[in-house]
Amino acid sequence: MTLSGDDVLRAGEPEEGTPAGQIRQLQFERLRWSVRHAWQNVPHYQRSFAAQGVHPDDLRTLEDLARFPFLSKQDFRANYPFGLFAVPRRRIARIHTSSGTTGKSTVVGYTSGDLAIWGELMSRCIRAAGARTGDIVHIAYDYGLVTGGLGAHLGAERLGCTVIPVSSGRSDWQVQLIQDLRPDILMATPSYALALAESFARAGIDGRACSLRIGIFGAEPWTEQRRTLIESSLGLEALDLYGIAEVMGPGVACEQLGRRESLVLWEDHFYPEVIDPHTGAVLPDGEEGELVLTSLTKEALPVIRFRTRDLTRLLPACEGPLRRIARIRARTDDMLIIHGVNVFPSQIEAVIARFGGLSPQYNLELAGDGPLDGLTVHIEVLDAAFASAAQRRAVAQELTRRIKTNIGVAVTVVAHPPGTLKRAADTAAQAR
Ligand code: DLL
């Protein structure tokens, strides 16, 4: 069986009211194609299937996938750069990389058919967020090798929007552009959206009065407090967008306007499993664990059971026919071990956000060369509150106490004067 991008696109988005059994049947047919395609064309899968004693013919139900081996980031590294591609290099129309937060970036490739499907899935996300043909979309995800900018761009163009491909950086100038071009939609990382909000404030302009109606934010974990802050400072509705380069890029799952707090996952193109990160066992829907994704329609780079390292839960379909995922709480490998206590940066962020009088910007600095050493939390106070050095010391002391009480870990807190903490959003490292 062959599966061409055109046929898949013609099949379109599963309509509301499609029975779950029909979705499972479609997934199963596509899964059989994808597993066989990977096995026939990628030596890595031949080796890993053989080592596990499985063969594509063993796939008789969707659940049989649990018998197949995982694919990890290390496998991408071991096959760097093109070893996992399932089509001749000449058929690769585009190369991207992951954002490289954990060591060397991984290289990913797309055929022209893959790009068409990516555009379709991203356009579904932008439409689900409430955008319509003709809207103006300001894309401040980074353009370049990482997938954010060009992925969002594909989708916005496919939906028939007017695209402003501005990329990230030069926030003061972006504020001016937003004032002049009056976009409806902002697509950016949540931290860059906050940097823009700060630039509005610096320019003495009320961000709440700007033209933006909807924000489509992702590429990093962000808390509900952060969402509220962005919404109240830019006067828009902020929706979550999930994706990962190895699996495609942005557009794997997204929140829908009016149906927030969980993200619809495009199950007709990806088969999700949630596993216990320690044992690898598949968990029942509803339990939190590591998200594992299998591509169902990708030609250039099929991924079979890719371990995302993202912690979430699989949730039942609601209204539409596709299952959903909870917002990503954290990554398993983001985890810091401070004096024996496991800590996720988002937990510290939540304590900072609840404190009051502090800027949402913070940096974590690990002492020594491993995650086993002490942690220094750099925070920044807001203008009016805590102006003197003595007041800042008192704030630092109190925050140290609250982090200890809430998370159970002893950290050092340094409180910096307003506006002096380095912004991730305007540095190259932030490039997404
Ligand atoms: O960040 C793709 C992307 C771009 C998604 C723009 C959304 C918007 P990578 O560089 O491969 O791809 O990083 C993927 O980022 O495994 C998560 O840990 C994290 N991540 C992505 N989206 C979210 C989100 C892009 N909405 C890694 N919430 C993933 C939390 C997210 N974490």
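These questions and answers go through helix packing, salt bridges and strand pairing in a predicted model.

Visitor: At roughly what angle do the axes of helix α2 and helix α3 cross?
Guide: Helix α2 covers residues 20-41 and helix α3 covers residues 43-52. Their axes come within 5 Å. Angles of 65 to 115 degrees count as roughly perpendicular, and α2 and α3 therefore fall in that class. The crossing angle is roughly 105°.

Visitor: How many charged residues does the contact of α2 with α3 have?
Guide: From α2, the contact uses Val35, Ala38, Trp39, Gln40 and Asn41. From α3 come Pro43, Tyr45, Gln46 and Phe49. By class, six are nonpolar and three are polar. The number of charged residues is none.

Visitor: How many salt bridges does a search of the whole structure find?
Guide: Side chains of opposite charge can pair when their charged atoms come close. The cut-off is a side-chain nitrogen of Lys or Arg within 4 Å of a carboxyl oxygen of Asp or Glu. With the whole structure searched, the total is 30.

Visitor: How many residues apart in sequence are the parts that Arg213 and Asp135 tie together?
Guide: Arg213 forms a salt bridge with Asp135, with the closest N and O atoms 3.1 Å apart. Arg213 lies in the loop between α8 and β6, and Asp135 in the loop between α5 and β3. The pair therefore ties together parts whose separation in sequence is 78 residues.

Visitor: Is Asp135 buried or exposed?
Guide: Buried means under 20% relative accessible area. Its salt-bridge partner Arg213 has 36% and is partly exposed. Asp135 has 11% relative accessibility, so Asp135 counts as buried.

Visitor: Which residue forms a salt bridge with Arg208?
Guide: Arg208 is exposed, at 54% relative accessible area. The partner is partly exposed, at 39%. The closest N and O atoms of the pair are 3.1 Å apart. The partner is Asp206.

Visitor: Which strands hold Arg260 and Glu237?
Guide: Arg260 forms a salt bridge with Glu237, and the closest N and O atoms are 2.8 Å apart. Arg260 counts as partly exposed at 22% relative accessibility. Glu237 is also partly exposed, at 29%. The pair ties together parts 23 residues apart in sequence, since Arg260 lies in β9 and Glu237 in β7.

Visitor: Which residues are linked with Glu13 in a network of salt bridges?
Guide: A salt bridge needs Lys or Arg on one side and Asp or Glu on the other. The network includes Arg124, Arg127 and Arg158. It also includes acidic side chains. The residues linked with Glu13 are Glu120, Arg124, Arg127, Arg158 and Asp268.

Visitor: How many of the eight residues of strand β8 are buried?
Guide: Strand β8 covers residues 249-256. It is largely enclosed by the rest of the structure, because the buried count is eight of the eight.

Visitor: What is the bridge partner of Gly243 in β8?
Guide: β7 and β8 pair in the antiparallel sense over four bridges. They form a hairpin with four residues between them. In β8, the partner of Gly243 is Pro250.

Visitor: Which residue in the turn between β8 and β9 has a positive phi?
Guide: β8 and β9 run antiparallel, joined by three bridges. One bridge pairs Cys254 with Val264 in β9. The two strands form a hairpin with two residues between them. The residue with a positive phi, about 85°, is Gly258.

Key:
Residues are numbered from 1 along each chain as its sequence is written. This is a predicted model: local features need pLDDT of at least 70, side-chain atom pairs count only at pLDDT 80 or more; totals for chains, interfaces and linings use all residues. Side-chain values use heavy atoms; hydrogens and water are left out. Axes are lines fitted to C-alpha atoms, for helices over the stretch in contact, and angles run from 0 to 180 degrees between N-to-C directions. Angles under 35 degrees count as roughly parallel, over 145 as roughly antiparallel, 65 to 115 as roughly perpendicular and the rest as oblique. Contact means heavy atoms within 4.5 Å. Ala, Val, Leu, Ile, Met, Phe, Trp, Tyr, Cys and Pro count as nonpolar, Asp, Glu, Lys and Arg as charged, and the others, Gly among them, as polar. Buried means under 20% relative accessible area, exposed over 50%, partly exposed in between (1.4 Å probe, protein chains only). Two strands pair if DSSP finds at least two bridges between them.
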